[in-house]
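Here's a quick tour of the model shown below. Have a look, then read on for the strands, the ligand and one loop residue.

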Amino acid sequence: MHSNRVVLITGATGGLGRVVTKRFLAEGAVVAAVYRSEDKLKELIEYVGEGKVNGFKADVTDPASVSTLIAEVTKKLGRVDVLLNIVGGYAGGTPLQESEEVMLDEMVTLNTRSAWLCSRAVLPGMIERNWGRIVSVSAKNATPSGRRAGNIAYAISKGGIITLTEALAEELSKVEVNVNCVMPATIDTSKNREKMPKADTSKWVKPEDIAEVILFLSSDSSKAVTGATIPVFGRS
Ligand SMILES: NC(=O)c1ccc[n+]([C@@H]2O[C@H](COP(=O)([O-])OP(=O)(O)OC[C@H]3O[C@@H](n4cnc5c(N)ncnc54)[C@H](OP(=O)(O)O)[C@@H]3O)[C@@H](O)[C@H]2O)c1
């Protein structure tokens, strides 16, 4: 299904990204894995196997770095067929009246701007070839049923992913470049298990299950789906 498709994965060294990377490799995709630290790249290579991923170092919140990233991927692998915007992070725990503006700036930069920049950079090639898939990662916190006190900045930044998805799909309505996002609740990652040792992990969504949804949204089979936000809540 994904044989020889070039798939650019941001956040490939993270809890969700590493599982998605492994799944796409198993499908025969050519994976460009974005990383920041050499140690994290090493861990990813240990997890997926030697000689399988093409690592590209970049800061996806920085336009110059994103532009260099896409130029390097295109030079080495020829093109980007699928972009997976998995980079993201969480900050919260303070009500708005006690929050510093830096928290909002950081959340929007990391969670929204990164996906905006990477999407912008891959679009010219996808439009020219009349084929592309962009899948981003929102969060349940962005929706009424997932709202929690103390994380307004995070919710805004992940709500921005839904808006980006819907608006970009509308802009691309005349080409087969489909733009969708998944919206996880708490993911069963080792980081979350460490942070919340008493939580009922049976309710958490497994990264492997999210990877299957992303795989579908990145394939020819999702031709009819664009502008969608798919809840991947597990049992929570
Ligand atoms: N975990 C959850 O429960 C949960 C729930 C809902 C939604 N989500 C969303 O799901 C996605 C994956 O979450 P996760 O738990 O797998 O996160 P994670 O383990 O913290 O991984 C985040 C990844 O982003 C990379 N990254 C961060 N800043 C970057 C930058 N400026 N440039 C390039 N790469 C950067 C990290 O690289 P380094 O390893 O070098 O830091 C890491 O690979 C995120 O968008 C997150 O917001 C997560």
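How many residues surround the ligand, and which are the closest? There are 27 around the ligand, and T13, L16, R36, K191 and N192 are the closest; a residue counts as near if one of its heavy atoms lies within 4 Å. Bear in mind that this is a predicted model, where local features need pLDDT of at least 70 and side-chain atom pairs pLDDT 80 or more, while totals for chains, interfaces and linings use all residues. Residues are numbered from 1 along each chain as its sequence is written, and side-chain values use heavy atoms, with hydrogens and water left out.

**Around the ligand**

- K191 puts a polar side-chain atom 2.6 Å from an oxygen atom of the ligand (polar contacts here are pairs of N or O atoms within 3.5 Å).
- K158 has an N or O atom of its side chain 2.9 Å from a ligand oxygen, and for I86 a polar backbone atom is 2.9 Å from a ligand oxygen.
- On its own the ligand has 890 Å² of accessible area, and the protein covers 87% of that (Shrake-Rupley method, 1.4 Å probe).
- Helices α1 (15-26), α5 (152-171) and α6 (190-195) are the elements giving two or more residues to the ligand's shell; helices are DSSP runs of H or I with at least four residues, strands are E runs of at least two, and both are numbered from the N terminus.
- Sorted by class, the shell holds 12 nonpolar, 10 polar and 5 charged residues (nonpolar is Ala, Val, Leu, Ile, Met, Phe, Trp, Tyr, Cys and Pro; charged is Asp, Glu, Lys and Arg; the others, Gly among them, are polar).

**Strand β4 and its partners**

- In β4 (residues 82-85), V82 and L84 point one way, L83 and N85 the other, and all are buried, meaning under 20% relative accessible area with a 1.4 Å probe, protein chains only.
- β1 (residues 6-10) pairs with β4 in parallel over 4 bridges, and pairing takes at least two DSSP bridges.
- β5 (residues 132-137) also runs parallel to β4, joined by 4 bridges.
- L84 sits opposite I9 of β1 and has V135 as its bridge partner in β5.
- From β4 the chain crosses through helix α4 (residues 101-129) to β5, a right-handed β-α-β crossover (clockwise from the first strand over the helix to the second, with the strands pointing away from the viewer).

**A loop residue**

- A224 lies in the loop between α7 (207-217) and β7 (229-232).
- A224 is exposed, because its relative accessible area is 79% and the cut-off is over 50%.
- The C-alpha atoms of A224 and E176 are 9.4 Å apart, although 48 residues separate the two along the chain.

Notes: A polar contact is a pair of N or O atoms within 3.5 Å; within protein, one must be able to donate a hydrogen and the other to accept it, and residues adjacent in sequence count only if both atoms are side-chain atoms.
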